[in-house]
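Please look through the sequence and the 3D structure shown here before reading on. The report below is meant to be read side by side with them.

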Amino acid sequence: MAQLQGKIAMVTGAARGIGRCIAEELAKEGCDLAICDLKEEWLAETAEAVKTIGRKVKCIAVDVSNSAQVNAAVDGAVTEFGRLDILVNNAGITKDTFIIRMTEEDWDAVINVNLKGTFLFTKAATKPMMKQKSGNIVNIASIIGLMGNAGQCNYAASKAGVIAFTKSVAKELASRNVRVNAIAPGFIQTKMTDLLSEEVKQKMLEAIPMKKFGTAEDVAKTVIFLSSDASSYLTGQVISVNGGMLM
Ligand code: NAP
């Protein structure tokens, strides 16, 4: 029996990588989905996969850092499906460079998508969830938000911010039966990490006790756990999915 039968879920950054995999796993567990990314046409493959699984899907073009677009996206999903049970704040970007070379634009871009985007979507989703007196929000943070990383001060700050944000909102919404948790993935093989050099990847591998990179499925399965009754007494938590890289 699917664990999330009939639930309505919304996933940001669902065109590819971890977000796409999360959308597919939620569909396999019985969710109908509102999937978001910058351009609607980029969502076609994810939408096809969700439909093939046999679930309904609505594709929404939205820049997560734009409040008007985010509010319209959440309103559109609630109008289409009548409610919203699960929100996964997954959209994220990197603009890596050492602080000495980092521009204000590099800083703002990463904070706006990763941190402000999580704030805007959570705020918009909180309204229907509070009304329903139930909901689950899962924020995709990063191991870098816990340990920092040279060349990623903007990304690390954004993800540390997502973690502190998660804990604060969890405290605010716990009495309304809305749970808010975060996942801190380690090195997961996607287009984002494909950009790294072989040398950096080899160094990373040496630092991972399990001696392998994670997969998008490893993160998606944790989203399912945090969205389901299997985790009904968890809120404000950060679950590390990192092969033991940080303990
Ligand atoms: P990805 O392959 O780059 O996918 C991210 C998706 O988000 C892309 O489709 C991207 O569109 C979209 N996006 C970017 N900016 C957006 C915006 N302003 N509004 C809406 N959508 C936007 O990345 P990923 O590796 O799957 O990462 C997913 C999440 O996991 C991110 O939050 C990332 O920080 C986190 N994470 C990843 C790893 C890892 O090792 N991969 C580790 C820890 C945490 P574009 O095609 O335009 O970029």
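The following sections describe the ligand and its surroundings, and then one residue in a helix.

## The site of the ligand

This is a predicted model, and in it the space taken by the ligand is the largest pocket. The elements that contribute two or more residues to the shell around the ligand are helix 1 (17–28), helix 6 (153–173) and helix 7 (191–194).

There are 28 residues around the ligand, and those that come nearest are D37, N90, Y155, I188 and T190. Sorted by class, the shell around the ligand consists of 16 nonpolar, eight polar and four charged residues.

## Polar contacts and burial of the ligand

Two side chains can be picked out by their distances to oxygen atoms of the ligand: a polar side-chain atom of T190 lies 2.6 Å from an oxygen atom of the ligand, while an N or O atom in the side chain of R16 is 2.8 Å from an oxygen atom of the ligand. The backbone also takes part, since a polar backbone atom of V62 is 3.4 Å from a nitrogen atom of the ligand. Taken alone, the ligand exposes 880 Å², and the protein buries 91% of that area.

## A residue in helix 9

T222 belongs to helix 9, which covers residues 216–227. Is T222 buried or exposed? Its relative accessible area is 12%, and because buried means under 20%, T222 counts as buried. A polar atom of the side chain of T222 lies 2.9 Å from the backbone oxygen of D218.

Note on methods
Residues numbered from 1 in each chain as written. Predicted model: local features only at pLDDT ≥ 70, side-chain atom pairs only at ≥ 80, totals over all residues. Heavy atoms only, no water. Near = heavy atom within 4 Å. Polar contact = N/O pair within 3.5 Å; in protein donor to acceptor, adjacent residues only side chain to side chain. Areas by Shrake-Rupley, 256 points an atom, 1.4 Å probe, with all protein chains shown as cover. 1 Å grid on protein atoms, 1.4 Å probe; cavity = no way out; pocket = protein on both sides within 12 Å on 5 of 7 lines; lining within 4 Å. Sits in = over half its atoms within 2 Å of the grid points. Helix = DSSP H or I, 4+ residues; strand = E, 2+ residues; numbered from the N terminus. Nonpolar A, V, L, I, M, F, W, Y, C, P; charged D, E, K, R; others polar. Buried < 20%, exposed > 50% of the residue type's maximum accessible area, 1.4 Å probe, protein only.
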